[in-house]
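Student: Got a minute to go through this one with me? I'd like to start with burial and then look at the backbone.

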Amino acid sequence: MPDPEAKSAPRCLYCRRDSAQVPLLPLRYREEEVWICPQHLPILIHNPAQLAGILPGAEHFALDEDAGDHHD
Ligand SMILES: [Zn+2]
């Protein structure tokens, strides 16, 4: 018996755990909703290139801090 709920159940994009196992944070990316758990949110923040295989273009999320000229 098909279970459409299971198919669309949010899962962390990184570890694939669902909200029965971990809290999930919703993200909007390219008009789609994706989810990430708090444990993997730092990857999105600090090492988004690690997500490049999961989120297309993730390798470009990080600002190039070396190129930044924001020091006064
Ligand atoms: Zn996760």
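Student: So how much of the protein chain counts as buried?

Tutor: Keep in mind that this is a predicted model. Of its 72 residues, 12% count as buried.

Student: OK, and which residues make up the largest nonpolar core?

Tutor: There are nine: Cys12, Leu13, Leu24, Trp35, Ile36, Cys37, Leu44, Leu51 and Leu55. In soluble globular proteins, nonpolar side chains tend to end up buried together.

Student: What does Leu24 touch, leaving aside neighbours within four places in sequence?

Tutor: Leu24 is in contact with Pro10, Cys12, Ser19, Trp35, Ile36 and Cys37. Cys12, Trp35, Ile36 and Cys37 are also listed in that core.

Student: Switching topic, in what order do the elements run?

Tutor: From the N terminus on, it's α-β-β-α, so to speak two helices and two strands.

Student: Where is Arg30 found?

Tutor: Arg30 sits in the loop between strand 1 (25-29) and strand 2 (32-36). Its phi is near 50°, a positive value in a residue that isn't glycine. Most residues other than glycine have a negative phi.

Student: And what about phi of Glu31?

Tutor: Glu31 has a positive phi too, about 70°, and is found in the loop between strand 1 and strand 2.

Student: Is Arg30 buried or exposed?

Tutor: Exposed, because just 8 other C-beta atoms lie within 10 Å of Arg30, and 12 or fewer counts as exposed. Glu31 is exposed as well, with 5 C-beta neighbours inside 10 Å.

How values were computed: Residues are numbered from 1 along each chain as its sequence is written. This is a predicted model: local features need pLDDT of at least 70, side-chain atom pairs count only at pLDDT 80 or more; totals for chains, interfaces and linings use all residues. A nonpolar core is a set of buried Ala, Val, Leu, Ile, Met, Phe, Trp, Tyr and Cys residues joined through C-beta atoms within 7 Å. A residue is buried if 20 or more other C-beta atoms lie within 10 Å of its own, exposed if 12 or fewer, and partly exposed in between; C-beta atoms are placed from the backbone. Two residues are in contact if their C-beta atoms, placed from the backbone, lie within 7 Å. Helices (H or I, at least four residues) and strands (E, at least two) are DSSP runs, numbered from the N terminus.
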